[in-house]
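Let's take a walk through a protein model together. Keep the picture open beside the text and look for each piece as it comes up.

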Amino acid sequence: MENCDSQPQFWLAPLAGLNDLPFRLLCARFGALGCHWAPMICAQALMHPASRLQTLKLLEWLPEQERALQLFGPNPQIVGAALEVAWELGVREVNFNLGCQVPKVTKGGSGAILLRDLPQVYAILEAMKRSYPQLHLSLKLRLGWDNYALTPLLREASNLGVERVFVHGRLGTDGFAGDLRWDLLDRAAQESSVPFYANGGVTDWESAQRLLALPRCQGVMIGRGALGRADIFAYLQAKARGEELQDSTWSGSPAQRRQRQLELLNEHLELVERYGRGPERERMHKLRRHLAAYELLGPERLQVASFRALRDLIARSEQS
């Protein structure tokens, strides 16, 4: 477990469909925390015979890594059964998701919509800690579903065995639209009985700084802001120290920043080749979801179908 210090912490969000092992390793190289978290896992999918094998494929770690995952589910029995499987796989840290607002999650009563039923949330968390008292437990939250609902949960979090909370500054019904609800986010930061981390819209130092200014905020979680720019973690760490990060996608001329992003993509591709699972076609399909964020490559990046074709495109881009 990471220790808090005087410097803010910068965490990688467990992005569903994007947070595979190669991407986590790339972000870890730039100092991101949480890179041992496998992406969001559905407790029901892990237990259902038709989806279990495919779900297990999402659980990727290096042998030397601590094992952690983000889990979601609607009731103690389902979550408990999934946690038993995860525990047998060596998982000792779980981030329970109460923040996802996508329909395929909320229609089953999971994610942010579960914040409408806090007694059920308490029952799930109590069951997790009762069965596995050594479990390191954290929460990923929205401010509520359609109105602010966090006061009881945040005040009770420490008694429930929660070690930290990551709070996205919107309601579930907000989706990703509009500005963060700063008044409610400020309130949540003040009410939390455990270390508080903010989340939402971090793409540069200015947006991170505004979150870090919240009361007792110990750091931020970054999701889509890291896509195509994994060095955002090193950049933010440098800015927090009052320094400038050299040789990055954040410094130098446009040509220098473009060259740095090409180098990042090369590193990403190397990690996919080394650690990605499955045949090349499947690994390229996963990587293509990231390629949209490497905008400086041009539209051709979305059409490549092999590692060789992508390397050729990178080489041509470096020469242009």
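The paragraphs below go from the sheet to the helices around it. Keep in mind that this is a predicted model.

Let's begin with the strands. Strands of a sheet pair through backbone hydrogen bonds, either parallel or antiparallel. Here you can find an open sheet of eight strands, and its pairing is parallel. Read across the sheet, the order is 1-8-7-6-5-4-3-2. Strand 1 and strand 2 are the edge strands, each pairing on one side only. On average, neighbouring strands of this sheet are turned by 25° against each other, direction ignored.

Now look at strand 2, residues 37-42. Is this strand mostly covered or not? It is mostly covered, with six of its six residues buried. Its partner is strand 3, residues 67-72, which runs parallel to it and is joined to it by four bridges. One place to see the pairing is Ala 38, whose bridge partner in strand 3 is Leu 69.

Further along the sheet, strand 4 (residues 91-98) and strand 5 (residues 136-141) run parallel and are joined by six bridges. Val 94 stands opposite Leu 137 in strand 5. Lying across strand 4, strand 5 and strand 6 is helix 6 (residues 118-131), which runs at about 180° to strand 4. Helix 9 also packs on the sheet, where it touches strand 1, strand 7 and strand 8, and its direction makes about 140° with that of strand 8.

Next come two helices with many buried residues to find. Helix 1 is mostly covered, since seven of its nine residues are buried. Among them are Phe 23, Arg 24 and Cys 27. What covers them includes strand 1, strand 2, helix 10, helix 11 and helix 12. In helix 10 (residues 232-240), the buried residues include Phe 233, Tyr 235 and Leu 236. The buried residues of helix 10 pack against strand 1, helix 1, helix 9 and strand 8. After helix 10 comes Gly 242, whose phi is positive, near 80°.

Finally, how do helix 11 and helix 13 pack? Their angle is about 165° and their axes are 10 Å apart. Angles over 145 degrees count as roughly antiparallel, so helix 11 and helix 13 are roughly antiparallel to each other. Helix 11 passes helix 13 in a left-handed crossing. The residues of this contact divide into seven nonpolar, three polar and five charged. Those that meet include Leu 262 and Leu 265 in helix 11, and Leu 310 and Ile 314 in helix 13.

How values were computed: Residues numbered from 1 in each chain as written. Predicted model: local features only at pLDDT ≥ 70, side-chain atom pairs only at ≥ 80, totals over all residues. Heavy atoms only, no water. Buried < 20%, exposed > 50% of the residue type's maximum accessible area, 1.4 Å probe, protein only. Helix = DSSP H or I, 4+ residues; strand = E, 2+ residues; numbered from the N terminus. Pairing = 2+ DSSP bridges. Axes fitted to C-alpha atoms, helices over the stretch in contact; angles between N-to-C directions. Parallel < 35°, antiparallel > 145°, perpendicular 65-115°, else oblique. Left-handed = near helix turned anticlockwise from the far one by under 90°. Contact = heavy atoms within 4.5 Å. Nonpolar A, V, L, I, M, F, W, Y, C, P; charged D, E, K, R; others polar.
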